Amino acid sequence: MEKNHNISDLQLHTGVEVVRCYQCGKCSAGCVLASEMNFPPSYLMRLLQTGTKENYDKILLSNSIWLCLNCENCLGRCPMEIDIPKLMDYLRTQSVKENKLHPDSKPILAFHRSFLDSIKYTGRLYEVGLVAAFKFRTFRLAQDMAIAPVMYLKGKLHIFPEKFNDRKRMKRIFAQTIENTKTDNP
Ligand code: SF4
Ligand code: SF4
C-alpha cells in the first residue's frame, strides 16, 4: 500500500507523534462527539498510524475533523498526552488546502469566514454582518429569523457596526497571519 509523506509533515508541523498512541480508547470514551463522528479520536489515531495515503484521505474527507470542538477532553484523558486537538486543527487546514471536504464542513467554514470578515472590516464582532454573511454563504435565509427582533429588543443586536478607524493595522495583522500560516504549512 502507498505510504504517505503527509504523515511525516503532520508530525513536523504539530510535533505530535502518532506512533505513541497505544489504542487504549480513553480519548474516544471521553469525547462528547465521538458517536457522531465518522472516526472517533482513537480510530482516527489508528488510521494515521497506518501511514497510508488512502487512510489519510479518508480522514480529510471525514466529518470527525469538523465536528471536533477542540474541548481537549481527549488530551486531558490521554495517558500519553497526545494532543489530538492540535492534530484536528492541522487536519482541517489540510482538508481545505487539498479541497477534500466533508459536507458537514460547509456551514462551519461559512461561519468561520463570516466571523473573520467581520473582524477584518469592523475591527470586532459585528453580529448583524456576521449573520447576514453566514446566511448568504449557506442560503439559510429564513433560519432563526424569529429570534432577531427579540435579540434586538434586549440590546443584543446593533444594527450598525461600531466606529473603527484602524483598518490599515487590521489589514496588516491579517496579511501577517496569512504569511505565518504559509510558513507553518508550506
Ligand atoms: S477535542 Fe475534539 S476529539 Fe478531543 S474530546 Fe474534544 S471534541 Fe473530541
Ligand atoms: S487516549 Fe491517547 S493513547 Fe489512548 S487511544 Fe487516545 S490517543 Fe491513543
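This passage describes the fold of a predicted model, beginning with the whole chain and moving on to its helices, its core, its two ligands and a few single residues.

The secondary structure of the chain comes to eleven helices and zero strands, so that, read from the N terminus on, the elements run α-α-α-α-α-α-α-α-α-α-α. Along its principal axes the C-alpha trace spans about 55 × 35 × 30 Å, and of the 186 residues in the chain, 22% are buried. Among the contacts with a separation of 6 or more, 66% are made by residues that stand 24 or more positions apart. The domain assignment divides the chain into domain 1, which covers residues 6–97, and domain 2, which covers residues 105–181, and the C-alpha centres of domain 1 and domain 2 lie 29 Å apart.

Helix α3, which comprises residues 41–50, contains the buried residues P41, S42, L44, M45 and L48. When the helix is viewed down its axis, these buried residues fall within an arc of 155 degrees, and they therefore line one face of α3. As a general point, an α-helix has 3.6 residues a turn, so residues three or four places apart point the same way. The partners against which the buried residues of α3 pack are α1 (6–14), α2 (26–30), α4 (53–60), α5 (64–67), α6 (73–77) and α7 (84–97). Just after α3 comes G51, whose phi is positive, at about 70 degrees.

A comparable description can be given for helix α4, where Y56, I59 and L60 are the buried residues. These residues cover an arc of only 100 degrees around the axis, which puts them on the same side of α4. The buried residues of α4 pack against α1, α3, α5 and α7.

The largest nonpolar core has 26 residues, and those with the most contacts inside it are I59, I65, I84, L87, M88 and L91. Two or more residues of this core are given by each of the elements α3, α4, α5 and α7, and the largest share, five residues, comes from α7. I59 thus appears both among the buried residues of α4 and among the core residues with the most contacts. For M88, another of these core residues, the contacts include I65, C68 and N70, when residues up to four places away in sequence are not counted.

The surroundings of the two ligands were examined next. Around ligand 1 there are 14 residues, of which C31, C68, C71, N73 and C74 come nearest. Helices α6 and α7 each supply at least two residues of this shell, and the largest share, three residues, comes from α7. By class, the shell around ligand 1 has ten nonpolar, three polar and one charged residues. C68 is one of the residues that come nearest to ligand 1, and C68 is also touched by M88.

Ligand 2 is surrounded by 15 residues, and the closest are C21, C24, C27, S42 and C78. Helices α2 and α3 each supply at least two residues of the shell around ligand 2, with the largest share, three residues, coming from α3. By class, this shell has ten nonpolar, three polar and two charged residues. S42, which is among the closest residues to ligand 2, is also one of the buried residues of α3.

Three single residues complete the description. Q49 is found in helix α3 and counts as partly exposed, because it has 15 C-beta neighbours inside 10 Å. Although Q49 and E17 are 32 residues apart in sequence, they lie 9.4 Å apart in space, C-alpha to C-alpha. When residues up to four places away in sequence are left out, Q49 touches V18, V19 and C21, and C21 is in turn among the residues closest to ligand 2.

N70 is found in the loop between α5 and α6, and its phi is near 55 degrees, a positive value in a residue other than glycine. N70 counts as partly exposed because it has 13 C-beta neighbours inside 10 Å. N99, in the loop between α7 and α8 (105–122), likewise has a positive phi, of about 50 degrees, although it is not a glycine. With 7 other C-beta atoms within 10 Å, N99 is exposed.

Definitions and conventions
Residues are numbered from 1 along each chain as its sequence is written. Chains are lettered from A and ligands numbered from 1 in the order in which they are written. This is a predicted model: local features need pLDDT of at least 70, side-chain atom pairs count only at pLDDT 80 or more; totals for chains, interfaces and linings use all residues. A residue is buried if 20 or more other C-beta atoms lie within 10 Å of its own, exposed if 12 or fewer, and partly exposed in between; C-beta atoms are placed from the backbone. Helices (H or I, at least four residues) and strands (E, at least two) are DSSP runs, numbered from the N terminus. The arc is that of the directions from the helix axis to the C-beta atoms. Two residues are in contact if their C-beta atoms, placed from the backbone, lie within 7 Å. A residue is near a molecule or strand if its C-beta atom, placed from the backbone, lies within 6 Å of it. Ala, Val, Leu, Ile, Met, Phe, Trp, Tyr, Cys and Pro count as nonpolar, Asp, Glu, Lys and Arg as charged, and the others, Gly among them, as polar. Domain bounds come from an automatic or database domain assignment. A nonpolar core is a set of buried Ala, Val, Leu, Ile, Met, Phe, Trp, Tyr and Cys residues joined through C-beta atoms within 7 Å.
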